[in-house]
Structures are given as structure tokens and as C-alpha cells.
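Subject: Structure handover

Hello,

Here is the structure you asked about. Please open it and keep it in view while you read my notes below.

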Amino acid sequence: QLALASTDPVRAAEFYESAFGFHHRAGDEAGVDLELGGFELSFRRAERAARDGMQIGFRVDTAAEVDAWAQDLALRGFALVGPPSGDRWEGSRSFRVADPDGRQVAIFYDYPS
């Protein structure tokens, strides 16, 4: 479970539902609870979003999936922070997209050692 402060919990929840397939579990004026594969992600209303020193990442099974996620999100209008980068030599491949509160969300693949 991860609970994050958000200036607009509904907007943040809609981003994660649309971009990553989270499912809405509950919500009221104080916040929104989402779920994906047994992981609960909650957004609680706050005057300032929590993002300092925080990174959210989703590991995928292949480097090709990183590229496919980037292409799909870009085609659906999500602004990527940068294109996918990295290769076997670097040990990983990834890209990032920013959520409505400015937190960067990584999609990554770690090559086997």
C-alpha cells in the first residue's frame, strides 16, 4: 500500500486508472483509493503534493515492453519526460511520465546480469 498527498486526488486517480489500469476502490472528498494486482495506491487531499525523493516504478518483463508502453502512452496523449533509453550494456531500459502532481513514474526493465 502507498498513500500519497495530492492537490487533486480525483485527477491523480484518473491519471493512474487511464495510464496504468488501476481500478477505483473507494473515494470521497478526502481522497481516492485505487488497486492493481493486490497493490493499493491512495491519494489524500493536501495543500501540497508529496513528491520530493519519491519515485514510482513499474517493472515489465522485456525491454520491448518498455518501448510498447512508451508508444501507447504517447499515442494516448500522455507527455513522456523523455523517450525510452538504456540497453543491455547499461543494464536497464526505461522511460518516465509525470503524473498530475509532478511525480515521475518509471516503466523499466532490468536486463539479467
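Let's start with one residue. Asp 101 counts as buried, because its relative accessibility is 6% and the cut-off for buried is under 20%. Keep in mind that this is a predicted model.

Where is Asp 101 found? Look in the loop between strand 7 and strand 8. Its side chain also has a partner. The side chain of Asp 101 makes a polar contact with the side chain of Ser 6, at 2.5 Å.

Now the first sheet on my list. Four strands make up this open sheet, and their order is 1-4-3-2. The pairing is mixed. Which strands stand at the edges? They are strand 1 (2-6) and strand 2 (23-28). Each has a single partner strand, so one side of each is left without a neighbour in the sheet. On average, neighbouring strands here are turned by 20° against each other, direction ignored.

Zoom in on one pair. Strand 1 pairs with strand 4 (residues 39-45) in the parallel sense, over five bridges. Find Leu 2 there: Leu 41 in strand 4 stands opposite.

Next, find helix 1, residues 9-20. Helix 1 packs on this sheet and touches strand 1, strand 2, strand 3 (31-36) and strand 4. The direction of helix 1 makes about 15° with that of strand 3.

On to the other sheet. This one is open too, with four strands in the order 5-8-7-6. Its pairing is mixed. Strand 5 (56-59) and strand 6 (80-85) stand at the edges. Each of these has a single partner strand, so one side of each lacks a neighbour in the sheet. The average turn between neighbouring strands of this sheet is 20°, direction ignored.

In what sense do strand 6 and strand 7 pair? The pairing of strand 6 with strand 7 (residues 92-98) is antiparallel, over three bridges. Within it, Gly 82 stands opposite Arg 96 in strand 7.

Helix 1 comes back here. Helix 1 packs on this sheet as well, touching strand 5, strand 7 and strand 8 (104-110). The direction of helix 1 makes about 30° with that of strand 8.

Last, helix 2. Residues 63-75 form this helix, which lies across strand 6, strand 7 and strand 8. Helix 2 runs at about 20° to strand 7.

Best wishes

Notes: Residues numbered from 1 in each chain as written. Predicted model: local features only at pLDDT ≥ 70, side-chain atom pairs only at ≥ 80, totals over all residues. Heavy atoms only, no water. Pairing = 2+ DSSP bridges. Helix = DSSP H or I, 4+ residues; strand = E, 2+ residues; numbered from the N terminus. Axes fitted to C-alpha atoms, helices over the stretch in contact; angles between N-to-C directions. Contact = heavy atoms within 4.5 Å. Buried < 20%, exposed > 50% of the residue type's maximum accessible area, 1.4 Å probe, protein only. Polar contact = N/O pair within 3.5 Å; in protein donor to acceptor, adjacent residues only side chain to side chain.
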